[in-house]
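Please explain how this chain is put together, taking its helix packing, its sheet and individual loop residues in turn.

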Amino acid sequence: NTIREFTTINRGTLQDGGLTRIGNDNWIMAYVHIAHACVVGSHTIFANAASLAGHVKVDDYVILGGFTLVHQFCQIGAHAFTSMGSLINRDVPPYVTVAGNFAEPKGINSEGLKRHGFDAGRITSIKRAYKTLYKSGLPLADARAQLAEAADGAPDVKIMLDFIDRSERSLIR
């Protein structure tokens with residue numbers, strides 16, 4: 001991990017088993033704050049002054065833009081991307097790009113997926129899942145049912161579906 005100046009990383013609290021965990025090969029820039037009981041995956045980038053409140057879970061290959069703020073107990077799925085100054089108050093599914101105050105979905109992180117070796121077929125599958133979840137106008141339960149059908153033979157959609165199923169704060173939608 002590369003951890004730059006003035007970063008704060010808090011240990012877990014006693015009631016959380018004393019655990020704050022940070023994976024490998026992360027780039028944590030200046031003035032980042034990681035509060036108590038957070039779990040950060042591997043290969044992430046936290047730009048300057050990104051901040052996690054307590055109990056946040058960040059999966060692998062996530063990029064947090066500068067000054068991104070993540071509310072307590074939120075989860076951010078693998079390969080997600082937040083723009084500068086995003087305020088995250090709900091869960092961000094894998095592969096999704098969010099922006100704004102409060103953050104809203106803007107598409108998928110297609111450039112990041114290409115850089116990590118996702119081929120055109122996989123990216124197309126993820127785009128279809130995104131459209132089902134965000135553009136179809138379906139209630140979450142109906143969109144989830146369609147994603148369950150699409151997940152057969154599409155492991156990336158299955159990852160998205162599993163994330164939806166374990167979401168406790170609701171999704172950014």
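In this predicted model, a convenient starting point is the interface at which L140, R144, L147, A148 and A150 of helix α3 meet V157, L161, I164 and D165 of helix α4. By class, this contact comprises seven nonpolar and two charged residues, with no polar ones. Helix α3 covers residues 140–150 and helix α4 residues 155–166; the two pack at an angle of about 145 degrees, and their axes are 9 Å apart. The crossing of α3 and α4 is left-handed.

The discussion now turns to the strands. Strands of a sheet pair through backbone hydrogen bonds, in either a parallel or an antiparallel manner. Here, five strands form an open sheet with parallel pairing, in the order β2-β5-β8-β11-β14. Its edges are β2 (8–9) and β14 (87–88), each of which pairs on one side only. Strands β2 and β5 run parallel and are joined by two bridges. T8 has H33 in β5 as its bridge partner.

Two loop residues merit closer attention. H36 lies in the loop between β5 (33–34) and β6 (39–40). Its relative accessibility is 26%, and H36 therefore counts as partly exposed, a class that lies between the limits of 20% and 50%. Setting aside residues up to four places away in sequence, H36 touches N10, R11, G12, T13, D16, T20, G54 and H55. With respect to the helical region, the C-alpha atom of H36 is separated by 30 Å from that of D156, a residue 120 positions apart from H36 along the chain.

T68 occupies the loop between β10 (63–64) and β11 (69–70). Is this residue buried or exposed? At 0% relative accessibility, T68 counts as buried, because the class requires a value under 20%. The side chain of T68 makes a polar contact with the side chain of T82, at 2.9 Å. In addition, a polar atom of the T68 side chain lies 3.3 Å from the backbone oxygen of S83. Both T82 and S83 appear among the residues in contact with T68 once neighbours within four places in sequence are left aside; that set also includes A49, A50, S51, G85, S86 and I88.

Terms used: Residues numbered from 1 in each chain as written. Predicted model: local features only at pLDDT ≥ 70, side-chain atom pairs only at ≥ 80, totals over all residues. Heavy atoms only, no water. Axes fitted to C-alpha atoms, helices over the stretch in contact; angles between N-to-C directions. Helix = DSSP H or I, 4+ residues; strand = E, 2+ residues; numbered from the N terminus. Left-handed = near helix turned anticlockwise from the far one by under 90°. Contact = heavy atoms within 4.5 Å. Nonpolar A, V, L, I, M, F, W, Y, C, P; charged D, E, K, R; others polar. Buried < 20%, exposed > 50% of the residue type's maximum accessible area, 1.4 Å probe, protein only. Polar contact = N/O pair within 3.5 Å; in protein donor to acceptor, adjacent residues only side chain to side chain. Pairing = 2+ DSSP bridges.
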